[in-house]
Amino acid sequence: MEIEMKWRLLAILAATLSGMVWYPAQSHAEDVKYSPDQEKGIRAWANSLATQAATFCASPVGMYNLRQDIATGASPKAKPNHIWRMPNISTPKLAKESGYVTPNVNTIYGFGFMDLAEEPVILTTPDSKGRYYIVQLVSMYDDTFAYGAGKDVGYSGGTYALVGPGWKGTLPSDVKRIDAPTRWVTVQPRVHVKNEADLPAAQKVLDAITVQGLSEYEGKSTPKAPTYNYVQPKLKPNVASSLLLFDDPLQFWSICVDAMNENPPRKDMVDAVLPQYKYLGIELGKPWKPENVLNSIFLDEMKKVGTAIGPMIADLPYLIGPNGNGWIVTPYNFGNPGPDYLTAAVHSVLGLTANNSDEAFYIWSQYDENLKQLTGENKYTMTFPASFPYTKVVSPGFWSVTMYDLGSKLTVENPINRYSLGSDNELKKNDDGSITIYLQATNPGKDKESNWLPAPKGPFYMLIRNYAPAPEAMKALKDPNAGKLLPKVKQVSN
């Protein structure tokens with residue numbers, strides 16, 4: 001026994017001297033001394049691992065931040081299991097209040113976070129009499145798992161039971177069951193509104209989209225409302241919360257793990273992704289603490305990545321889909337990407353709760369035809385050909401192009417209160433049926449004002465949206481070579 005113990009001590013001593021002692025993932029190994037080359041390699045790998053983990057975390061953290069804005073923070077717009085209805089389109093002021101990044105301005109929104117822990121929530125949708133509207137259902141991983149109204153479901157209304165994981169019980173026979181993948185889900189209505197005069201009719205449809213607990217629906221006594229004491233994200237002011245700009249970058253990590261523990265990811269995520277994150281102190285069912293990170297090198301890199309991940313992801317949309325002439329087309333799996341975590345992160349940072357592509361898709365650009373950043377310091381034109389496939393819709397769908405400030409990711413204040421142009425507008429056509437849109441900060445003149453999309457004075461980006469895309473549009477979306485059909489944004493002399 002004494003000889004065996006000596007050999008063990010010698011083995012530990014030899015390993016220590018070589019810098020190769022193995023420490024469990026759940027401890028700081030601060031007494032280990034690394035050579036410069038070793039530290040360089042460790043730091044590079046730690047940064048890479050933290051970047052991948054932060055890419056995974058972008059969606060649940062973005063949804064956590066949005067839930068705090070809408071439902072569970074100090075000044076909720078609608079308490080859990082209620083719907084907040086925006087009184088108008090997403091003007092810059094309303095978009096900032098909602099914390100919702102890159103909003104469309106052709107619909108009025110509703111937002112509601114449903115807590116399905118105690119019982120199912122009953123969702124009722126109305127017959128819109130042919131008006132386009134959707135009721136999108138989104139998990140805490142920012143993937144759309146069902147619709148209560150829309151292109152495929154229809155617009156005639158229905159009654160649905162949103163059922164949380166593990167619930168056991170009996171539903172009324174007059175409701176359709178929808179199983180939710182996470183405890184918390186978002187119910188997000190959008191109702192098409194063409195102009196100010198059309199707003200009251202659209203609001204009537206939005207008001208008729210309701211939620212209530214199963215007990216209330218059945219006329220029974222309702223469970224006591226839980227008390228929520230979620231940590232408040234401390235974020236940089238005047239930018240959308242989905243950009244993940246925390247005052248303390250380590251809060252990004254603690255919120256990710258809190259959100260994940262409350263809303264466990266799918267089994268394939270748990271099996272394929274989470275085991276490698278143990279070096280970062282991330283383990284399902286345990287709170288994240290800095291002291292559980294492998295060592296100070298890993299913690300340093302997590303701080304760096306926590307600071308950079310939002311802006312980094314915001315620069316990566318051109319990696320995830322077909323592109324052309326400075327535009328990127330959202331890929332076919334946008335909104336429901338499965339294990340494609342880069343697409344999921346881009347979706348969350350730049351378009352949190354954006355739709356599945358077969359319900360609505362998005363075409364993004366922040367560059368001109370020469371891949372130079374668009375800015376209101378210049379003037380631009382872009383022309384849609386008469387046969388432009390990306391704007392083909394199934395009635396009562398619509399298309400639009402919307403302007404956003406690059407810094408805030410919100411719509412742009414302008415003297416004519418115009419934030420988008422599209423099928424709802426009386427656009428002047430060229431002789432060949434094409435449409436030229438003027439992109440600039442100043443009015444191009446009365447003869448062109450109908451086709452003017454006002455820009456901010458600084459950098460901006462645009463989105464082309466198609467709601468209820470027609471087969472011709474879906475064919476273009478799936479064709480990687482169709483990007484060459486996208487319009488060229490041309491700078492014109494000032």
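Colleague: Which residues line the second largest cavity?
Modeller: This is a predicted model. In it, F56, S59, Y141, D143, R266, M269, P337, G338, Y341 and A344 line that cavity. A residue makes this list if it has an atom within 4 Å of a cavity point.

Colleague: Which elements each supply at least two residues of that lining?
Modeller: Helices α2 and α9 do.

Colleague: What makes this space a cavity and not a pocket?
Modeller: A 1.4 Å probe fits in a cavity but cannot get out, whereas a pocket is an open set of points. The second largest cavity holds about 90 Å³ of space. The search of the whole structure kept cavities of 30 Å³ or more, and it found two.

Colleague: How much space lies in the largest cavity?
Modeller: About 210 Å³. It is lined by 23 residues, and F334, L350, G351, Y362 and L463 are the closest to its centre. The elements that give two or more residues to this lining are β11 (327-329), α9 (341-351), β12 (360-365) and β18 (460-469).

Colleague: What is the make-up of the two linings by class?
Modeller: The largest cavity is lined by 17 nonpolar, four polar and two charged residues. For the second largest cavity the lining has six nonpolar, two polar and two charged residues. Gly counts as polar here, so G338 falls in the polar class. Tyr counts as nonpolar, so Y141 and Y341 fall in the nonpolar class.

Colleague: Now the rings. Why is the pair of W45 and Y279 called edge-to-face?
Modeller: Two rings pair if their centres lie within 6.5 Å, and these centres are 5.6 Å apart, so W45 and Y279 qualify. Planes over 60 degrees apart count as edge-to-face, and the angle here is 85°, so the name fits.

Colleague: Why does this pair tie together parts that are far along the chain?
Modeller: W45 lies in helix α2 (residues 36-72). Y279 lies in the loop between α7 (267-272) and α8 (296-314), so the pair ties together parts that are 234 residues apart in sequence.

Colleague: Is W45 buried, exposed or in between?
Modeller: Its relative accessibility is 44%. Buried is under 20% and exposed is over 50%, so W45 is partly exposed.

Colleague: How many aromatic pairs does the structure hold?
Modeller: It holds 27. Ring pairs also link Y132, Y133, Y155, F398 and Y467 into a cluster.

Colleague: What makes you say that a charge sits over the ring of W184?
Modeller: The charged end of R67 is 4.8 Å from the centre of that ring. The distance limit is 6 Å, so R67 passes on distance. The charged end of K77 sits over the ring of W84, at 5.7 Å from its centre. That too is within 6 Å, so K77 passes on distance as well.

Colleague: How do you know that Q136 is buried?
Modeller: Q136 has a relative accessible area of 0%, and buried means under 20%, so the term applies. Q136 lies in strand β4 (residues 133-139).

Colleague: Which partners does the side chain of Q136 reach?
Modeller: It makes a polar contact with the side chain of R190 at 2.7 Å. It also reaches the backbone oxygen of T353 at 3.0 Å. The limit for a polar contact is 3.5 Å, so both distances fall inside it.

Colleague: What about Q188: where is it, and is it buried or exposed?
Modeller: Q188 is in strand β8 (residues 184-192). At 0% relative accessibility, Q188 counts as buried. The side chain of Q188 makes a polar contact with the side chain of T353, at 2.7 Å.

Colleague: What is unusual to report on the backbone of N81 and D142?
Modeller: N81 has a positive phi of about 70° although it is not a glycine. Phi of D142 is near 65°, also positive in a residue other than glycine. N81 lies in the loop between α2 and β1 (84-85). D142 is in the loop between β4 and β5 (144-149).

Colleague: Why do N81 and D142 get their burial labels?
Modeller: N81 has a relative accessible area of 26%, between the cut-offs of 20% and 50%, so N81 is partly exposed. D142 has 3%, which is under 20%, so D142 is buried.

Colleague: Which residues does a cis peptide bond join?
Modeller: S395 and P396, with omega at about 10°. P396 lies in strand β14 (residues 393-405).

Note on methods. Residues are numbered from 1 along each chain as its sequence is written. This is a predicted model: local features need pLDDT of at least 70, side-chain atom pairs count only at pLDDT 80 or more; totals for chains, interfaces and linings use all residues. Side-chain values use heavy atoms; hydrogens and water are left out. Rings of Phe, Tyr and Trp (its six-membered ring) pair if their centres lie within 6.5 Å; planes under 30 degrees apart count as stacked, over 60 as edge-to-face and the rest as tilted. Helices (H or I, at least four residues) and strands (E, at least two) are DSSP runs, numbered from the N terminus. Buried means under 20% relative accessible area, exposed over 50%, partly exposed in between (1.4 Å probe, protein chains only). A charge sits over a ring if NZ of Lys or CZ of Arg is within 6 Å of the ring centre and within 35 degrees of the ring normal. On a 1 Å grid over the protein atoms alone, a cavity is a set of points where a 1.4 Å probe fits but cannot get out, and a pocket is an open set with protein on both sides within 12 Å along at least five of seven lines; lining residues have an atom within 4 Å of a point. Grid points are joined across faces, edges and corners, and a volume is the space filled by probe spheres set on the points. A polar contact is a pair of N or O atoms within 3.5 Å; within protein, one must be able to donate a hydrogen and the other to accept it, and residues adjacent in sequence count only if both atoms are side-chain atoms.
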